[in-house]
Amino acid sequence: MDEDILYHLDLGTKTHNLPAMFGDVKFVCVRGSSNRMKAFEDMQDICTGTDRYCMYKTGPVLSINHGMGIPSISIMLHELIKLLYYAKCYDVTIIRIGTSGGIGIEPGSIVITDTAVDSFFKPQFEQIILDTVVTQNTELDKELAEELLKCSKEVPDFPTLIGHTMCTYDFYEGQGRLDGALCSFSNEKKLDYLQRAYKTGIRNIEMESSVFAAMCGLCGLKAAVVCVTLLNRLECDQINLPREVLLEYQQHPQKLISIFIKKRLGRYNPK
Ligand SMILES: O=P(O)(O)O[C@H]1O[C@H](CO)[C@@H](O)[C@H]1O
Ligand SMILES: O=c1cc[nH]c(=O)[nH]1
């Protein structure tokens, strides 16, 4: 294309010097909410002309939010991956830092995803392209997951483990919750489903990991998904922790990723 307009990021190849703005990026951190990002970055939003996504850059670290669910993160990833290409970035590591519902593990734990699975516990993402269902691979980078697990030893305050992550299209019935506006199954059915999920190695549930793993894999980006669990779904459906505890939990994966990045940059000084 003579010109490519990254519409949802309010950036473009003719209007912005993408290599000058982003050429040094080595780490991309993606998170759901823009407010959560603001809490961490005292920086100017790069995507000022749109309220779809917010983007911040600190040296080689780019942070961008992706909203909720597969369609939202997928649109962001298309434009972000093109941006990295136009900016001539190389050796980029991309990490989704998120929240999730845990299965059979202590709330506040971190799950590093090895493979994202669908609601049938299958390690795949079904993308509909034209009128065809295309099945894509959802395995994440094993070496990166192990490196992150090693970094977690520096933050012993919260348990960290590697496990499968189930990615759903819905927060309520789609995650086996009984507390939505609609509920068409019993508590017994719910528990049976979640226990079967646990037995296959699933340790948490969220809503973006499958398309994230599939797209990053297809585009050759080393990718990881690191999510804190806000509750144990075998015990409850509602997220009823006090706000300050939730905010503290949300910092767990953030702390781990900041140690990982500092180590990679040779700037980590354990106290
Ligand atoms: O990691 P965050 O953005 O919190 O996302 C998780 O929380 C949202 C639901 O509350 C879903 O988008 C799920 O993936
Ligand atoms: O239970 C949960 C918590 C956070 N995000 C989800 O998708 N599910």
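**Ligand shells, strand β6 and a helix pair**

I will start with I97, which counts as buried because 25 other C-beta atoms lie within 10 Å; the cut-offs are 20 or more other C-beta atoms within 10 Å of a residue's own for buried, 12 or fewer for exposed, and partly exposed in between, with C-beta atoms placed from the backbone. What we are looking at is a predicted model, in which local features need pLDDT of at least 70 and side-chain atom pairs count only at pLDDT 80 or more, while totals for chains, interfaces and linings use all residues. Residues are numbered from 1 along each chain as its sequence is written, and chains are lettered from A and ligands numbered from 1 in the order in which they are written.

The place of I97 is in strand β6, where helices (H or I, at least four residues) and strands (E, at least two) are DSSP runs numbered from the N terminus. Leaving aside neighbours within four places in sequence, I97 is in contact with C29, R31, V226, P253, Q254 and I257, contact being taken as C-beta atoms, placed from the backbone, within 7 Å of each other. R96 lies in β6 as well, and R96 is buried, since 26 other C-beta atoms are found within 10 Å. With residues up to four places away in sequence not counted, R96 touches V30, E208, S209, F212 and V225.

Both residues also appear in a record: UniProt, in an unreviewed entry, lists R52, R96, I97, G98 and T99 for "binding site". I would treat that with some care, as UniProt positions are given in the numbering used here, feature names are shortened, and annotations may be inferred rather than shown by experiment.

Now to the ligands. Which residues surround ligand 1? They are R31, G32, S33, M68, G69, G98, T99, F171, E206, M207 and E208, where a residue is near a molecule if its C-beta atom, placed from the backbone, lies within 6 Å of it. By class, this shell has three nonpolar, five polar and three charged residues; Ala, Val, Leu, Ile, Met, Phe, Trp, Tyr, Cys and Pro count as nonpolar, Asp, Glu, Lys and Arg as charged, and the others, Gly among them, as polar.

Around ligand 2 we find T99, S100, G101, F171, Q175, I205, E206, M207 and L230. Two elements, β6 (93–102) and β11 (202–206), give two or more residues to that shell, and β6 gives the most, with three residues. The shell around ligand 2 divides into four nonpolar, four polar and one charged.

Q175, one of the residues around ligand 2, is placed together with R177 under "binding site" by UniProt, again in an unreviewed entry. Q175 lies in the loop between β10 (160–167) and α5 (187–199), and R177 is found in the loop between β10 and α5 too. Are these two residues buried or exposed? Q175 counts as buried because there are 22 C-beta neighbours inside 10 Å, whereas R177, with 19 such neighbours inside 10 Å, counts as partly exposed. Not counting residues up to four places away in sequence, Q175 touches G101, T168, D170 and I205, and R177, with neighbours within four places left aside, is in contact with Y172 and D237.

Let me turn to the helices. The axes of α4 (residues 142–152) and α7 (residues 243–264) come within 9 Å and cross at roughly 105°, the axes being lines fitted to C-alpha atoms, for helices over the stretch in contact, with angles that run from 0 to 180 degrees between N-to-C directions. That angle makes α4 roughly perpendicular to α7, a label given from 65 to 115 degrees, with angles under 35 called roughly parallel, over 145 roughly antiparallel and the rest oblique. On the α4 side L148, C151 and S152 meet L256, I259, F260 and K263 in α7, and by class this contact has five nonpolar, one polar and one charged residues.

Helix α6 (residues 209–218) is mostly covered, with eight of its ten residues buried; among them are S209 and F212. Just after α6, G220 takes a positive phi of about 75°.

Lastly, two backbone angles. F121, in the loop between β7 (110–117) and β8 (124–129), has a phi near 70°, a positive value in a residue other than glycine. Phi of L130 is near 55°, likewise positive in a residue other than glycine, and L130 counts as exposed because 5 C-beta neighbours lie inside 10 Å.

Note on methods:
Two residues are in contact if their C-beta atoms, placed from the backbone, lie within 7 Å.
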